[in-house]
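Open the structure in your viewer and keep the selection box at hand. We will go stop by stop.

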Amino acid sequence: MDLVVRAARAVTPAGLGPATIGVRDGRIVAVEPGVVEMPGSRVVELAEDEVLLPGLVDTHVHVNDPGRAEWEGFETATRAAAAGGVTTIVDMPLNSLPPTVDVAALEVKRKAASGRVHVDVGFWGGAIPGNEGDLRGLHDEGVFGFKCFLLHSGVDEFPPLDAAGLESAMRELKSFDAQMIVHAEDSEAIDAAPDPHGEKYHDFLGSRPRGAENLAITHVIEAARRTGARAHILHLSSSDALPLISSARREGVALSVETCPHYLSFIAEEIRDGATQFKCCPPIREAANRELLWQGLADGVIETIVSDHSPCTPELKRFDTGDFGLAWGGISSLQLGLPAIWTQARQRGFGLTDVVRWMAEGPAAQVGMTRKGKLEAGYDADFCVFAPDEAFVVDVAKLAHRNPVSAYDQRPLAGVVRGTWLRGEPVTGGEPRGTLLTRGNC
């Protein structure tokens with residue numbers, strides 16, 4: 001073996017227990033139960049308070065590079081990912097310039113990322129009005145699926161699909177078995193809601209009602225039912241939609257769903273007026289809603305937890321006015337997802353095996369990655385060394401993403417990432433060693 005890792009606690013497909021992992025040429029080739037002798041050129045033994053996890057997979061990251069690299073960037077985003085135990089990300093197609101809506105734009109994105117990534121990076125394509133003829137080409141170039149909005153995306157160069165456009169694009173995707181991932185808020189329902197304005201979080205919450213999310217999810221379900229295409233609901237915040245999703249699946253609709261750490265951590269009742277670092281769309285909702293989302297995870301209705309890391313410059317958060325109507329919506333959390341979820345999960349009786357299922361195995365499976373997200377022979381030797389009983393207080397100035405803005409600032413969290421390994425080598429923040437991934441080759 002090139003590397004042998006011995007851990008008194010590891011999360012493998014067999015569960016949580018002692019394990020010895022053998023690695024050759026960047027791949028796991030042996031997983032033995034128990035801390036046993038295994039010959040290797042290098043042997044690493046974890047401390048008693050550490051747990052070996054597979055590297056996390058975050059399929060919802062806005063890197064914004066090129067074009068808006070002052071908001072983030074491939075080097076800073078992937079440093080933050082590695083610091084949080086995330087070894088694979090999939091970059092969203094919007095907020096960069098140009099948006100990833102054709103093959104030429106994908107090549108621009110890959111060129112911007114090449115040689116600058118500290119973890120492995122894949123890419124989503126975008127589905128917008130007028131680019132239906134570009135979808136197959138992007139698919140053939142290895143994107144992991146296609147994102148669309150059902151209302152204004154926040155940037156004019158990535159316009160939304162209407163109901164007819166959604167169904168037409170999904171029919172096209174069905175012809176080559178690609179998935180559509182959807183920002184599901186209904187534009188007409190949002191337009192009919194009160195305008196967001198001022199410092200009061202309650203008023204902002206009223207501008208993005210649950211009904212808008214529920215209605216849009218219903219439209220996605222019906223489009224998936226009629227076309228037979230695979231659909232995925234992004235960043236679910238409304239627990240009202242859980243019965244709709246369960247019912248659709250029972251009827252054979254190919255539908256998956258994710259939620260995010262901020263919906264599972266924060267509650268509307270505790271967000272101070274003017275605290276625009278908490279603005280995101282759809283919004284953070286009430287305490288009772290949060291508990292029902294956790295129940296959705298327990299029931300298996302929600303399969304995955306991903307960051308929706310959507311950063312911006314401090315100026316765009318409008319801390320000068322605290323106006324939720326003017327501030328950019330997005331939570332910066334790529335580095336903090338694991339401790340944020342572990343803090344909440346263990347209070348509710350969940351274990352690290354659940355967290356790995358939601359944050360590593362599930363996201364990898366959703367995008368068809370067959371070598372990521374598990375400590376199993378044949379998988380990449382991507383590891384997260386986690387100390388679940390150590391605690392810390394988030395200091396936004398010490399986070400690795402580009403701008404010092406995060407809703408988690410000064411929040412106490414349980415669990416510290418002590419090391420991240422990519423294909424059998426520690427990620428130290430030195431020379432970037434990440435690779436650019438294509439669908440079907442990871």
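Start by selecting Asn 64. Leaving aside neighbours within four places in sequence, Asn 64 is in contact with Ala 69, Trp 71, Glu 72, Asp 91, Leu 94, Asn 95, Ser 96 and Pro 311. Contact here means heavy atoms within 4.5 Å. Asn 64 sits in the loop between strand E6 (56–61) and helix H1 (74–83). Helices (H or I, at least four residues) and strands (E, at least two) are DSSP runs, numbered from the N terminus. Asn 64 is buried, with a relative accessible area of 1%. Buried means under 20% relative accessible area, exposed means over 50%, and partly exposed is in between (1.4 Å probe, protein chains only).

A word on what you are viewing: this is a predicted model, where local features need pLDDT of at least 70, side-chain atom pairs count only at pLDDT 80 or more, and totals for chains, interfaces and linings use all residues. Residues are numbered from 1 along each chain as its sequence is written, and side-chain values use heavy atoms, with hydrogens and water left out.

**The first strands**

Select strand E1, residues 3–12. Eight of its 10 residues are buried, so E1 is largely enclosed by the rest of the structure. Now add strand E2 (residues 15–24): eight bridges join E1 to E2, and the two run antiparallel. Two strands pair if DSSP finds at least two bridges between them. A hairpin connects E1 to E2 through two residues. Look for Val 11, which stands opposite Leu 16 in E2.

Next, add strand E4 (residues 43–45). E4 pairs with E1 in the parallel sense, over three bridges. Arg 6 has Glu 45 in E4 as its bridge partner.

**Across to helix H12**

Which helix holds Thr 353? Thr 353 is in helix H12 (residues 352–366). Thr 353 counts as partly exposed, at 30% relative accessibility. Show Leu 16 as well. The two residues are 337 apart along the chain, yet their C-alpha atoms are separated by 6.5 Å. Not counting residues up to four places away in sequence, Thr 353 touches Val 11, Gly 15 and Leu 16.

**The six-stranded sheet**

Select E9 to E14. They form an open sheet of six strands in the order E9-E10-E11-E12-E13-E14, with parallel pairing. The edge strands are E9 (125–126) and E14 (304–305), each pairing on one side only.

Zoom in on E11 (residues 179–183). Is this strand enclosed or open? Five of the five residues of E11 are buried, so the strand is largely enclosed by the rest of the structure. In a regular strand the side chains alternate between the two faces of the sheet. Gln 179, Ile 181 and His 183 point one way from E11, and Met 180 and Val 182 point the other way.

Now step to the strands beside E11. Strand E10 (residues 146–149) runs parallel to E11, and four bridges join them. Phe 149 stands opposite His 183. Add helix H4 (residues 163–174): E10, H4 and E11 make a right-handed β-α-β unit. Right-handed means that, with the strands pointing away from the viewer, the path from the first strand over the helix to the second runs clockwise. E11 also pairs with strand E12 (residues 230–233), in the parallel sense over four bridges. Met 180 has Ala 231 as its bridge partner in E12.

**The nonpolar cores**

Select Ile 89, Phe 146, Met 180, Leu 236, Leu 255, Ile 341 and Trp 358. These have the most contacts inside the largest nonpolar core, which has 100 residues. A second, separate core of 24 residues includes Val 57, Val 90, Ala 212 and Ala 364. A nonpolar core is a set of buried Ala, Val, Leu, Ile, Met, Phe, Trp, Tyr and Cys residues joined through side-chain atoms within 4.5 Å.

**His 262 and the cysteines**

Select His 262 in helix H9 (residues 261–265). His 262 counts as buried, at 1% relative accessibility. Residues up to four places away in sequence aside, His 262 touches Cys 280, Ile 284, Ser 307, Asp 308, Ile 331 and Tyr 408.

Finish with the sulfur atoms. How many disulfides are there? The count is zero, taking a disulfide as a pair of cysteine sulfur atoms within 2.5 Å. The sulfur of Cys 281 lies 6.7 Å from the closest cysteine sulfur, in Cys 280, too far for a bond. For Cys 384, the closest cysteine sulfur is in Cys 260, 19 Å away, also too far for a bond. Cys 384 is buried, with a relative accessible area of 0%.
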